[in-house]
Amino acid sequence: LAALERQIFDFLGFQWAPILGNFLQIIVVILGLFGTIQFRPRYIVVYTVWTALWVTWNVFIICFYLEVGGLSKVGHLPFFRFT
């Protein structure tokens, strides 16, 4: 449900990469549920790996915007400069 809400807000902001990420998240969750119900180990493994990557990415984004652990929005790398 939260992914669908985020999807709506991303469409409003024209952020296409997060929209595709959210779409992929929804598809993998559906496959994970199907794999759990049908006990398909391959689907369960894909869902587990994707969820770990998704949580890691979201924690990185949160730490980046809060500037935790030495991460800064103003940095020396060109793709991290938002000034």
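In this predicted model, Gln 7 touches Ile 19, Asn 22 and Phe 23, leaving aside residues up to four places away in sequence. Gln 7 itself is found in helix α1, which covers residues 2-13. With a relative accessible area of just 11%, Gln 7 is buried, because anything under 20% gets that label. Another pairing along this stretch links Gln 7 with Pro 18: the two are 11 residues apart in sequence, and their C-alpha atoms are 8.0 Å apart in space.

One of the partners of Gln 7, Ile 19, is found in helix α2. Ile 19 counts as buried too, at 5% relative accessibility. Looking back along the chain from Ile 19, Ala 3 is 16 residues away, yet the C-alpha atoms of the two are separated by 9.7 Å.

Stepping back for a moment, the protein chain comes to three helices and zero strands. Read from the N terminus on, the order is simply α-α-α. Of its 83 residues, 14% count as buried. The chain exposes about 6700 Å², and carbon and sulfur atoms supply 75% of that area. As for contacts with a separation of 6 or more, 16% of them join residues 24 or more positions apart.

Back to helix α2, which spans residues 16-38 and is also the place of Ile 27. Ile 27 is partly exposed, with a relative accessible area of 34%, so it clears the cut-off of over 30% that a patch member needs. And a patch there is: Phe 23, Ile 27, Ile 30 and Leu 31 form a nonpolar one on the surface, with about 350 Å² of accessible area together. Phe 23 therefore turns up twice in this account, once as a member of that patch and once as a residue touched by Gln 7.

Gln 25 also has its place in helix α2. Is Gln 25 buried or exposed? At 14% relative accessibility, Gln 25 counts as buried. Leaving out residues up to four places away in sequence, Gln 25 touches two tryptophans, Trp 50 and Trp 54.

Then comes the link between helices. Phe 39 lies in the loop between α2 and α3, the latter being residues 41-66. Phe 39 has a positive phi of about 50°, although it is not a glycine. Its side of the story on accessibility is plain: at 62%, Phe 39 counts as exposed, because the label applies over 50%.

Aromatic rings add some more detail. The count comes to three aromatic pairs. Phe 34 and Tyr 43 form one that is tilted, with 5.8 Å from centre to centre and 45° between the planes. That angle is called tilted because it is neither under 30 degrees, which would be stacked, nor over 60, which would be edge-to-face. Both rings belong to partly exposed residues: Phe 34 has a relative accessible area of 36%, and Tyr 43 has 29%.

Finally, there is the database record to set beside the model. An unreviewed UniProt entry lists residues 16-37 and 44-68 under "transmembrane region". Over residues 44-68, the chain is 92% helix and 0% strand in the model, and the end C-alpha atoms of that stretch are 33 Å apart.

Definitions and conventions:
Residues numbered from 1 in each chain as written. Predicted model: local features only at pLDDT ≥ 70, side-chain atom pairs only at ≥ 80, totals over all residues. Heavy atoms only, no water. UniProt positions renumbered as here; feature names shortened; annotations may be inferred. Helix = DSSP H or I, 4+ residues; strand = E, 2+ residues; numbered from the N terminus. Phe/Tyr/Trp six-rings, centres within 6.5 Å; stacked < 30°, edge-to-face > 60°. Buried < 20%, exposed > 50% of the residue type's maximum accessible area, 1.4 Å probe, protein only. Patch = residues over 30% accessible without salt bridge, like charges linked within 9 Å, V, L, I, M, F, W, Y side chains within 5 Å. Areas by Shrake-Rupley, 256 points an atom, 1.4 Å probe, with all protein chains shown as cover. Salt bridge = Lys/Arg side-chain N within 4 Å of Asp/Glu carboxyl O. Contact = heavy atoms within 4.5 Å.
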